[in-house]
Amino acid sequence: MPRFLLGWLLGLGGNAIGLILASLILGSDFSLDFPLAFIVSLVVFAILSAIFTALTLKFLVRNAGSIVALTGVISTFLALLITSLFTSGLDINGMGWVWGTLIVWVCGMFIWLIPGPWRRYKKDERR
């Protein structure tokens, strides 16, 4: 399996955990409809998150290099916003926007700490 696909599936798992955790912690401010609407929302969110991360990173590097670290938070918020507008599986209200974004972002980042083949890089074998 290509590393890109493996990484995307890992990110999908992290996003799923983040969305479910946010729903459990925040209650009515961040609600998910299970199972089919959740799956559709998860896939839409993951695709949008990947697109927004690339676009946000490109924009921030060019215009505001000092805040590049916010790329993940900004792209997570934008992906949640678009997903909640265009799918019926995700409903966010009030402070759910702030806390939900942070919970989903932290879970998405935390999942990358798990060791595995997606973290291996080719070694330069110069002698």
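Select Ser41 to begin: at 1% relative accessibility, this residue counts as buried, because the cut-off for that class is under 20% relative accessible area. The model on the screen is a predicted one, and Ser41 has its place in helix α2. Keep Ser41 selected and display what surrounds it; once the neighbours within four places in sequence are left aside, the residues in contact with Ser41 are Thr83, Thr87, Gly89 and Leu90.

Next, widen the selection to the whole of helix α2, which runs over residues 36–63 and has 28 residues. From its first C-alpha to its last, helix α2 reaches 40 Å, close to the 40 Å expected at 1.5 Å a residue. Which residues of α2 are buried? Colour Phe38, Ser41, Leu42, Phe45, Ala46, Leu48, Ser49, Phe52, Thr56 and Leu60, since these are the buried residues of the helix.

Now step back along the chain to Pro35, which is found in the loop between β1 (30–32) and α2. Select Phe34 together with Pro35 and look at the bond that joins them: this is a cis peptide bond, with omega at about -15 degrees. As a background to that view, most peptide bonds are trans.

The following stop is Ser23, which is found in helix α1, residues 3–26. Is Ser23 buried or exposed? With a relative accessible area of 15%, Ser23 is buried, because a value under 20% places a residue in that class. Leaving aside the neighbours within four places in sequence, show Phe30, Ser31 and Leu32, with which Ser23 is in contact. Then draw a distance from the side chain of Ser23 to the backbone of Phe30: a polar atom of that side chain lies 3.5 Å from the backbone oxygen of Phe30.

Finally, clear the selections and show the protein chain as a cartoon, in which the secondary structure comes to four helices and two strands. Following the cartoon along the sequence, you will read the pattern α-β-α-α-β-α. If you colour the chain by burial, 36% of its 127 residues count as buried. Switching to a surface view, the chain exposes about 8100 Å², of which carbon and sulfur atoms supply 71%. A contact map gives one further view of the chain: among contacts between residues at least 6 apart in sequence, 68% join residues that are at least 24 apart.

How values were computed. Residues are numbered from 1 along each chain as its sequence is written. This is a predicted model: local features need pLDDT of at least 70, side-chain atom pairs count only at pLDDT 80 or more; totals for chains, interfaces and linings use all residues. Side-chain values use heavy atoms; hydrogens and water are left out. The expected span of a helix is 1.5 Å times one less than its number of residues. Buried means under 20% relative accessible area, exposed over 50%, partly exposed in between (1.4 Å probe, protein chains only). Contact means heavy atoms within 4.5 Å. Accessible areas come from the Shrake-Rupley method with a 1.4 Å probe; for residues, only the protein chains shown count as cover. A polar contact is a pair of N or O atoms within 3.5 Å; within protein, one must be able to donate a hydrogen and the other to accept it, and residues adjacent in sequence count only if both atoms are side-chain atoms.
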